[in-house]
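Trainee: Could you take a single position in this model, examine it closely, and then follow the surrounding parts outwards from it? I should like the account as one connected answer.

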Amino acid sequence: MNPKQLFYEKQAATVIRHLEKRKMKGFYCPTKEDAVAVAMSLTAPDTTVCFGGSASLLESGVMDALKARTDITLIDRGNAKTPEEIQQAYRHAFLADSYFMSTNAITIDGQLVNIDGNGNRVAALIYGPNQVIIVAGMNKIVPTVEDAVRRVRNTATPPNCIRLNLDTPCAATGACADCLSEHCICSQIVITRRSRSADRIKVLLVGEELGF
């Protein structure tokens, strides 16, 4: 095991310990393949699954694995043909057995920090689905909540806006302008410091860099 892998393992153990204090369940997955295996083991047959937009789900292979399952009902908003169908897919998430997403940042003491545009992703994180499964690379670990917000605004959001082809100042300059533009995806900031339902939120920490 190289020093970086050993560092990730030790850091993940610290984060998982703090997640447990906050009634969230953590898993350390050294590789993307390990993350896929754990994610699938947490997804029972004959259940309904939804997901939020996430580069990490795509890069990890979790999204492909979900789409390959024939024993679950996967609600994919990518199949929606109208704005009304997209909204319906968002609302289905609240009744899902499992909701998959990533998180924009995780503090070393186990707090999740997410900034969202429409709010559907953070809404499902907060309430609704029976379980929320978060897949996050170790590149998203930060010391404090303040560092997390800074990371999201300056490291995660600009490339996300570029990926989504949005007309925002950060997409043009690569730096947060604390904007109120029409296409701004920083509408809500949600800090999850505790889960009221024990182990409802499950965090898969992957020992690789994933997403933004």
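Mentor: Ile 106 stands opposite Ile 141 in strand 8, and this pair of isoleucines is the starting point. The model is a predicted one, in which local features need pLDDT of at least 70 and side-chain atom pairs count only at pLDDT 80 or more, while totals for chains, interfaces and linings use all residues. Residues are numbered from 1 along each chain as its sequence is written, and side-chain values use heavy atoms, with hydrogens and water left out.

The strands in question are strand 5 (residues 105-107) and strand 8, which run parallel and are joined by two bridges. Strands (E, at least two residues) and helices (H or I, at least four) are DSSP runs numbered from the N terminus, and two strands pair if DSSP finds at least two bridges between them. The surrounding sheet is open, has four strands in the order 8-5-6-9, and shows mixed pairing. Strand 8 (141-142) and strand 9 (188-192) are its edge strands, each pairing on one side only.

Ile 106 also has a place in the packing of the model. The largest nonpolar core (buried Ala, Val, Leu, Ile, Met, Phe, Trp, Tyr and Cys residues joined through side-chain atoms within 4.5 Å) has 23 residues, and those touching the most other members are Ile 106, Leu 112, Ile 134, Ile 201, Val 203 and Leu 205. Two or more residues of this core are supplied by each of helix 1 (3-21), strand 4 (98-101), helix 6 (120-126), strand 7 (131-137) and strand 10 (201-206). Helix 1 gives the largest share, five residues.

Ile 201 shows how one such core residue is surrounded. Beyond its neighbours within four places in sequence, Ile 201 is in contact (heavy atoms within 4.5 Å) with Met 24, Lys 25, Leu 112, Leu 125, Val 132, Ile 134, Thr 192 and Ser 195. Apart from this core lies another, of 20 residues, including Met 63, Leu 66, Ile 133 and Leu 204.

Returning to the four-stranded sheet, consider a charged residue. Asp 116 belongs to strand 6 (residues 112-116). With a relative accessible area of 9%, Asp 116 is buried; that word means under 20%, exposed means over 50%, and partly exposed lies in between (1.4 Å probe, protein chains only). With its neighbours within four places in sequence left aside, the contacts of Asp 116 are Arg 121, Val 122, Ile 185, Cys 186, Ser 187 and Gln 188.

A second charged residue, Arg 151, sits in helix 7 (residues 145-163). Arg 151 counts as buried because its relative accessibility is 10%. Once neighbours within four places in sequence are set aside, Arg 151 touches Asn 104, Ala 105, Asn 139, Lys 140, Val 142, Ala 156 and Phe 212. From C-alpha to C-alpha, Arg 151 and Val 113 are 9.9 Å apart in space, although 38 residues separate them in sequence.

Cys 186, one of the contacts of Asp 116, leads to the cysteines. For a disulfide, two cysteine sulfur atoms must lie within 2.5 Å, and by this rule the count is zero. Cys 176 is accordingly in no disulfide, and its nearest cysteine sulfur, that of Cys 186, is 6.0 Å away. Cys 176 is partly exposed at 30% relative accessible area, whereas Cys 29 is buried at 1%.

There is another open sheet, of six strands in the order 1-10-7-4-2-3 with parallel pairing. Its edge strands are strand 1 and strand 3 (73-74), and each pairs on one side only. Within this sheet, strand 2 (residues 48-51) and strand 4 pair in the parallel sense over three bridges, and Phe 51 stands opposite Phe 100 in strand 4.

Two loop residues complete the account. Most residues other than glycine have a negative phi. Lys 23, by contrast, has a positive phi near 65°; Lys 23 is placed in the loop between helix 1 and strand 1 (25-29) and is partly exposed at 27% relative accessibility. Asp 178 likewise has a positive phi, near 50°. The loop holding Asp 178 runs between helix 8 (169-173) and strand 9, and Asp 178 is exposed, with a relative accessible area of 54%.
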